[in-house]
Amino acid sequence: QVQLVESGGRLVQAGGSLRLSCAASGRPFSTYAMAWFRQAPGKEREFVATILWSSGSTDYTDSVKGRFTISRDNFKHTVYLQMNSLKPEDTAVYYCAAGTYRYTGSYYNTAAYDYWGQGTQVTVSS
């Protein structure tokens, strides 16, 4: 069984920084892409950032461009999300996702990913 475990979420003041980690463990698997999504109470889960595993190419949703950075460690099979200049609207449960199949559609789509973590809470106070 493959497990994704997120860590690093906490309460932080607006304007502060936070670094989230997502470590994969268990049965080895081929990775095509990994991503971060987030979900606030009463809202749909939304795309935040993705990284293609082989090339390192990244993409972000417009609301976090210039503030968040996604990166990976191939040896540790771990993905990170560096979050700077945090705003109250960034408050959400953040989920890590991994895609093990080549996907012909947009990697913004949840359908590109077949493994998900349990989530880590990020709360940004005013």
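**Strand pairs, cores and salt bridges**

Biologist: Let's start in β8: which residue there is the bridge partner of Asp73?

Modeller: This is a predicted model, so take what follows as read off that model. β7 and β8 pair in the antiparallel sense, with six bridges between them. Within β8, Asp73 has as its bridge partner Thr78.

Biologist: And which residue in the hairpin of β7 and β8 takes a positive phi?

Modeller: That hairpin leaves four residues between its strands. One residue there has a positive phi near 50°, and that's His77.

Biologist: β8 also pairs with β3. Which residue in β8 is the bridge partner of Cys22?

Modeller: β3 and β8 run antiparallel and are joined by six bridges. In β8, Cys22 is matched with Val79.

Biologist: Is β8 largely enclosed or open, and how many of its residues are buried?

Modeller: β8 is largely enclosed by the rest of the structure. The reason is the burial count: of the six residues in β8, the number buried is five.

Biologist: Over to β5, residues 46-52. How many of its residues are buried?

Modeller: Buried here means under 20% relative accessible area. β5 is mostly covered, and out of its seven residues the buried ones number five.

Biologist: Which residue in β5 is the bridge partner of Ala35?

Modeller: β4, residues 33-39, runs antiparallel to β5, and six bridges join the two. Their hairpin has six residues between the strands, with Gly42 at a positive phi near 75°. For Ala35, the bridge partner in β5 is Thr50.

Biologist: Which residue in the turn between β5 and β6 has a positive phi?

Modeller: β5 and β6 (residues 58-60) pair in the antiparallel sense over three bridges, and Ile51 stands opposite Thr58 in β6. The hairpin they form has five residues between the strands. The turn residue with a positive phi, about 80°, is Gly56.

Biologist: On to packing: which residues have the most contacts inside the largest nonpolar core?

Modeller: That core has 30 residues. Several strands, including β1, β3, β4 and β5, each supply at least two residues of this core. Another core, of eight residues, lies apart from it and includes Ala33, Ala35, Phe47 and Tyr113. Back in the largest one, the residues with the most contacts are Met34, Trp36, Leu81 and Tyr94.

Biologist: Now the charges. How far apart are the closest N and O atoms of Arg38 and Glu46?

Modeller: Arg38 is buried at 5% relative accessible area, while Glu46 counts as partly exposed at 35%. The two form a salt bridge, and the closest N and O atoms are separated by 2.8 Å.

Biologist: Asp90 meets Arg38 as well. How many residues apart in sequence are the parts that pair ties together?

Modeller: Their side chains meet in a salt bridge at 3.0 Å, N to O. Asp90 sits in the loop between β8 and β9 and Arg38 in strand β4, so the parts tied together are separated in sequence by 52 residues.

Biologist: Which residues are linked with Arg38 in the network of salt bridges?

Modeller: A search of the whole structure turns up four salt bridges. Besides the ones we've covered, Arg67 forms a salt bridge with Asp90, with the closest N and O atoms 2.8 Å apart. Arg67 lies in the loop between β6 and β7 and Asp90 in the loop between β8 and β9, so this pair ties together parts 23 residues apart in sequence. The network therefore links Arg38 with Glu46, Arg67 and Asp90.

Terms used. Residues are numbered from 1 along each chain as its sequence is written. This is a predicted model: local features need pLDDT of at least 70, side-chain atom pairs count only at pLDDT 80 or more; totals for chains, interfaces and linings use all residues. Side-chain values use heavy atoms; hydrogens and water are left out. Buried means under 20% relative accessible area, exposed over 50%, partly exposed in between (1.4 Å probe, protein chains only). Two strands pair if DSSP finds at least two bridges between them. A nonpolar core is a set of buried Ala, Val, Leu, Ile, Met, Phe, Trp, Tyr and Cys residues joined through side-chain atoms within 4.5 Å.
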